[in-house]
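Grab a pencil and have a look at the structure below. Try each exercise yourself before you read its solution.

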Amino acid sequence: MKNRQRLGIYIHIPFCVKKCAYCDFLSFPATKEVQEKYMSALESDIKYSVSKYGTRLDNYIVDTVFFGGGTPSFVNPQLIAGILKTLKSEFVFDKNPEISIECNPGTINDEKMRIYAESGFNRCSIGLQSAQDDLLKQIGRIHTFKEFEEGFFAARNAGFKNINIDVMSALPGQSVTDYVNGLKKILEYKPEHISAYSLIVEEGTPVYEHPEKFLPLPSEDDEREMYYETDRILKKAGFNRYEISNYSKKGFECRHNTGYWERKDYLGFGLGASSLFENVRMKNISDMKKYIENAGKSDLYEETEILTANDCMEEFMFLGLRMMHGVSSQRFKKLFNKNIADVYAEPLKENIKNNLLCEYSDDSGELWYCLTPHGIDISNTVMADFML
């Protein structure tokens with residue numbers, strides 16, 4: 001087989017039982033009829049795109065697939081399995097692909113997890129968010145910790161050996177002690193991966209629009225302490241922090257998400273899904289009616305951006321610096337035929353001087369730049385310096 005480039009595939013399932021109070025993702029409840037029509041349109045979307053790209057796809061091999069949402073586990077599992085079957089028939093797959101599905105407690109059981117495993121899924125991400133039932137209720141989650149436990153063991157019993165748990169800090173009414181105790185409780189289940197995020201109050205969400213209905217948010221000092229405790233507790237438990245918000249046991253880093261940060265080509269299918277293919281970024285339409293009516297008949301993009309060389313260099317920096325190992329000067333030179341120290345002389349110099357970036361060489365002598373612990377704390381500010 002010819003040497004092919006890696007390709008990721010993202011499948012967006014926008015349906016959920018109930019929208020959470022903090023959620024600004026493209027997701028909503030829907031009837032079974034709408035779900036079935038959407039899944040049929042999704043299959044048409046995939047086949048149309050494969051036909052459109054034609055021989056260009058001969059240069060690619062799919063090594064990661066990610067079903068996200070919404071709540072993919074809310075949908076009939078046979079429909080989910082059917083989409084994965086379509087992908088496998090339309091694309092050339094790597095021998096050992098990472099195939100992930102997002103699941104929410106309260107929507108998964110032994111049968112669903114068995115169907116996922118038998119159809120080819122080998123990684124699942126469980127959206128727990130908190131180990132406290134009162135906090136889960138406060139933010140509009142539909143499940144209890146007991147339901148998380150049942151879902152986790154259903155995944156294990158189905159043969160999943162790669163499980164992520166999503167955890168959130170800085171929730172309304174959450175104390176540092178609450179968070180620390182919850183994180184330690186989660187570790188008792190021995191997941192392979194933990195994604196730890198701080199709550200961001202997004203405009204348009206109930207938490208933003210009606211703050212009076214929610215308990216006071218933790219102070220900035222408490223939020224910062226939760227952030228540091230996450231790092232301390234997970235490292236002590238044998239997890240490696242490989243990205244700003246992601247920790248894993250050795251060898252269990254999320255290959256799909258790593259592809260985003262390394263600017264690997266990926267195709268997104270479904271409502272509002274984004275793609276990066278051959279330095280073109282595309283975003284699908286967000287109108288369900290239009291999506292169902294037009295899938296398989298035409299392109300479904302509402303946004304298309306052909307990236308300039310400067311755009312690509314900027315993305316290389318601000319996405320790559322999210323990774324703990326940082327960005328490679330050698331890879332920068334290979335991709336852009338320019339020296340990173342020439343293009344970014346001033347921001348590299350200033351951020352190193354201010355102890356926000358560090359410069360180091362790996363065992364092969366390759367030069368890298370990565371965020372320092374202080375740089376991680378104000379990562380958005382540092383990354384803004386690399387806009388051209």
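The exercises below go through helix packing, a sheet, some empty spaces and two backbone details. Keep in mind that this is a predicted model.

**Exercise 1. Work out how helices α1 and α2 pack: what is the angle, and how far apart are the axes?**

Solution. Start by finding the two helices: α1 covers residues 32–53 and α2 covers residues 77–90. Their axes are 10 Å apart and meet at an angle of about 5°. Angles under 35 degrees count as roughly parallel, so α1 is roughly parallel to α2.

Next, look at who touches whom. From α1, the residues in contact are Glu36, Met39, Leu42, Glu43, Ile46, Lys47 and Val50, and they meet Leu79, Ile80, Ile83, Thr86, Leu87 and Glu90 of α2. Sort this contact by class and you get eight nonpolar, one polar and four charged residues.

**Exercise 2. Now do the same for α2 and α3: which residues meet?**

Solution. Helix α3 spans residues 110–119. Its axis is 9 Å from that of α2, and the packing angle is about 10°. That angle makes α2 roughly parallel to α3.

On the α2 side, pick out Pro77, Gln78, Ile80, Ala81, Leu84 and Lys88; on the α3 side, their partners are Lys112, Ile115, Tyr116 and Ser119. The contact of α2 with α3 sorts into six nonpolar, two polar and two charged residues. Notice Ile80: this α2 residue is listed in the contact with α1, and it turns up in the contact with α3 too.

**Exercise 3. Put the strands β13, β14 and β15 in order: which of them are the edge strands?**

Solution. Walk across the sheet and you pass β13, then β15, then β14. The sheet is open, and its pairing is antiparallel. The edges are β13 (327–328) and β14 (357–361), each of which pairs on one side only.

Zoom in on β13 and β15 (residues 367–371): they are joined in the antiparallel sense over two bridges. Here you'll find Ser328 opposite Trp368 of β15. Finally, add the helix: α14 (residues 345–353) lies across β14 and β15, and it runs at about 100° to β14.

**Exercise 4. Explore the second largest pocket: how much space lies in it, and which element gives the largest share of its lining?**

Solution. The space in this pocket comes to about 420 Å³. It has 13 lining residues, and the closest to the centre are Gln5, Arg263, Lys264, Arg331 and Leu335. Two elements, β1 (5–13) and α12 (329–336), give two or more residues to this lining. The largest share belongs to α12, with three residues.

To finish, sort the pocket lining by class: seven charged, four nonpolar and two polar residues.

**Exercise 5. Go looking for enclosed space: how many cavities of 30 Å³ or more does the structure hold, and what lines them?**

Solution. There are two such cavities. Take the largest first, at about 90 Å³. Of its 14 lining residues, Asp45, Ser49, Phe269, Asn284 and Tyr301 lie nearest the centre. Both α1 and β9 (266–269) give two or more residues to this lining, and α1 gives the most, with five. By class, you should get six nonpolar, five polar and three charged residues.

Now for the second largest cavity, which has a volume of about 60 Å³. Its lining has 13 residues, and those nearest the centre are Ser130, Ala131, Gln174, Tyr179 and Gly182. At least two lining residues come from each of β5 (163–169) and α6 (176–187). The top contributor is α6, which gives five. This lining divides into seven nonpolar, five polar and one charged residue.

**Exercise 6. Check two spots in the backbone: is the peptide bond from Gly69 to Gly70 cis or trans, and what is the phi of Gln129?**

Solution. For the peptide bond, look at omega: from Gly69 to Gly70 it is near 15°, and the bond is cis. To place Gly70, find the loop between β2 (60–69) and α2.

Then move on to Gln129. This residue is not a glycine, yet its phi is positive, at about 80°. You'll find Gln129 in strand β4, which covers residues 123–129.

Methods: Residues numbered from 1 in each chain as written. Predicted model: local features only at pLDDT ≥ 70, side-chain atom pairs only at ≥ 80, totals over all residues. Heavy atoms only, no water. Pairing = 2+ DSSP bridges. Helix = DSSP H or I, 4+ residues; strand = E, 2+ residues; numbered from the N terminus. Contact = heavy atoms within 4.5 Å. Axes fitted to C-alpha atoms, helices over the stretch in contact; angles between N-to-C directions. 1 Å grid on protein atoms, 1.4 Å probe; cavity = no way out; pocket = protein on both sides within 12 Å on 5 of 7 lines; lining within 4 Å. Points joined across faces, edges and corners; volume = space filled by probe spheres on them. Nonpolar A, V, L, I, M, F, W, Y, C, P; charged D, E, K, R; others polar. Parallel < 35°, antiparallel > 145°, perpendicular 65-115°, else oblique.
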